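Here is a quick tour of a two-chain model, written for someone who would rather look at it than read a spreadsheet. Have the viewer open and follow along.

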Amino acid sequence: MATRKKSLLKVIILGDSSVGKTSLMNQYVNKRFSNQYKATIGADFCTKEVVVNDRVVTMQIWDTAGQERFQSLGVAFYRGADCCVLVYDVTAPNSFKNLDSWRDEFLIQASPRDPEHFPFVVLGNKVDLDNRQVSTRRAQQWCQSKNDIPYYETSAKEGINVEMAFQTIAKNALEQEAEAELINDFPDQLRLNSENNRPSNADNCQC
Amino acid sequence: MSDVDEIKIDLPPLSFEKCPESDGERNKRIEIEKLIADNPDGSIPLKALQELALGNFGLVNDDLRRVLWPQLAGVDVTNLERVPTLDELQSHPEFHQVLLDVNRSLKRFPPGIPYEQRIALQDQLTVLILRVIKKYPNLRYYQGYHDVAVTFLLVAGEEVAFAIMEQLSTTHFSECMQETMEATQRRLMFIWPIVLFEQPELFHFLQRSSVGTLFALPWYLTWFGHSLNSYKAVVRLYDYFLASPMYTPIFVTAAILLHRANVILQEDCDMASVHCLLSKLPDDLPFEDILVNSSKLYDKYSLTVIEKKVEELIQNEKEQRKLEEERRIKYRRSVSSKSNYNVSKWFLSVLTPKSVMMTTAVSIVVGICAYYYKNQYLAAGIS
């Protein structure tokens, strides 16, 4: 089991209501943006095949509800996450302030083995809008204070930096996986089999 | 934000899917119209009305629903409250969240609706929701509540919709509107005993996949309004739920799972695959059959029996989790005791400057002592 190679990376997107979690996921996976997304209730996911470090891996991206009262429902799919994406809206200071609690909540619920070094990526979304309220410096400072979390400013609408951000997400998720292998995780064969048997052509949001 | 008095509009009947009336629908419509005409005050005895709403085609169309939904929901339309303005409600702490969700509810409006009319209706929707949660401060807004409210707003207009939402929020949806979603989460588990009693194989498959109940959360919170593409199917289900006891959506959910058993059992047995399959409701679900089956299930299994089983399941789950945790810890321990890698890692970690200095210091002290005692001994031997 020590040399286990997992071909599936699980990524969780968290952040306040309406910061653009669903839009970012759809822009990345389907290269589409719509003004007509509805509020996410519960959770949906998309899958996308990516090449990282010459390896083809499937990213399973979980999109979640932003309202606080839904947070406690996430436990089931937070577990086994390889990377967590924290999103805020650069025009909504509160959504930036709440990054702290999203991060804490994730660490409590997902309980990763090494919380200090679990890979997060922060996205400041909606940079296409004029009424920006959170400065790049402020966001960068916060990220630095949290063990140097990589930070990207994105626009799901215009597709700015989305691809690059998700490349980093995939890379860091894969590294997290590699570390988990080294420490030798508890084998979970049933799961692995079903994951490895997945058809490998799927870039889609079935849900 | 405009004033409510300004945005008030005469609601033209909103049309979604203009499909021709089937024979069955026509007969049902004529039957209902006759019943309304026969009763001087235009109301139908409640028992008869409930049966109409439950049975095939429900209340058939929105013209009839507009008249009959208030009675079905048990609200008095002769005594409606004044509609406050949006300005009066803007200070409500949930105002922002409600606005965000209402702004993202475009898909719930008829395609092709004039822009001004849609904006006016969205303002009415915001007012409608805030009115309820302002009047009942113990009830908390949740994302999805707006999906319920918009359905009543579009069919019955803002005044009647408020009366209906008020009624439902203090009954059917009160559990969902608690401070946390804990009670709702537990309620959703009521699906499992029904599936277990009806199709054990399906139950065990779903448990093995560890899919949980998240897929059914939007169904339960919105009476399927959030998840179905067909407007006609949504209002049909609302007929059924309005005429049914609380928790009926649980039975409809179970009936859907049972109906789709064959497809589900062919899916890969992992959480993501099963969640994905279940969350997406097929457009061609035969809802009339599913509702008949749901009613049968409701009559067959008492809530007490289901609840008892749920408690058992929760207990089992807890024990299972504990066992797994113990196995995990044991496994990690056995791996680390065997692993040379870990021993060498331990050795390296022990080899810190501090430990090296300590060891050196202790060796020197021991050496001096040995030298001293040796001298003493030798001196004694000579003398």
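What follows goes through the sheet in chain A, then the contact between the chains, then one domain and one arginine in chain B. Keep in mind that this is a predicted model.

**Chain A: confidence and sheet**

Chain A has a mean pLDDT of 86, and 85% of its residues reach 70 or more. One stretch to treat with care is residues 184-201 of chain A, where pLDDT stays under 50. The model still has 18 contacts beyond four places in sequence for that stretch.

Chain A holds an open sheet of 6 strands with mixed pairing, in the order β2-β3-β1-β4-β5-β6. At the edges stand β2 (43-52) and β6 (151-153) of chain A; each has a single partner strand, so one side of each lacks a neighbour in the sheet. Direction ignored, neighbouring strands of this sheet are turned by 25 degrees against each other on average.

Look at one edge: β2(A) runs antiparallel to β3(A) (residues 55-64), and 10 bridges join the two. Within that pairing, A:Ala43 sits opposite A:Thr64 in β3(A).

Two helices of chain A meet these strands:

| Helix | Strands touched or crossed | Angle |
|---|---|---|
| α1(A), residues 21-30 | lies across β1, β2, β3, β4 and β5 of chain A | about 155 degrees to β3(A) |
| α5(A), residues 136-145 | touches β5 and β6 of chain A | about 155 degrees with β6(A) |

**Where the chains meet**

How many residues of chain B are in contact with chain A? There are 31, and they meet 28 residues of chain A. On the chain B side, α6 (95-103), α13 (217-222), α17 (271-279) and α19 (303-338) each supply at least two residues. The most come from α17(B), which gives 4 residues. By class, this side of chain B has 14 nonpolar, 9 polar and 8 charged residues.

**Chain B: a domain and an arginine**

An unreviewed UniProt entry annotates residues 59-245 of chain B as "domain: Rab-GAP TBC". That span is 60% helix and 0% strand, and its end C-alpha atoms lie 18 Å apart.

Now find B:Arg118 in helix α7 (residues 115-135) of chain B. Is B:Arg118 buried or exposed? Neither quite fits: B:Arg118 has 15 other C-beta atoms within 10 Å, so it counts as partly exposed, between the cut-offs of 20 or more for buried and 12 or fewer for exposed. Leaving aside neighbours within four places in sequence, B:Arg118 is in contact with B:Phe109 and B:Ile113. B:Thr304 lies 186 residues from B:Arg118 in sequence and 45 Å from it in space, C-alpha to C-alpha.

Terms used:
Residues are numbered from 1 along each chain as its sequence is written. Chains are lettered from A and ligands numbered from 1 in the order in which they are written. This is a predicted model: local features need pLDDT of at least 70, side-chain atom pairs count only at pLDDT 80 or more; totals for chains, interfaces and linings use all residues. Two residues are in contact if their C-beta atoms, placed from the backbone, lie within 7 Å. Ala, Val, Leu, Ile, Met, Phe, Trp, Tyr, Cys and Pro count as nonpolar, Asp, Glu, Lys and Arg as charged, and the others, Gly among them, as polar. UniProt positions are given in the numbering used here, feature names are shortened, and annotations may be inferred rather than shown by experiment. pLDDT is the predictor's confidence in each residue, from 0 to 100. Two strands pair if DSSP finds at least two bridges between them. Axes are lines fitted to C-alpha atoms, for helices over the stretch in contact, and angles run from 0 to 180 degrees between N-to-C directions.
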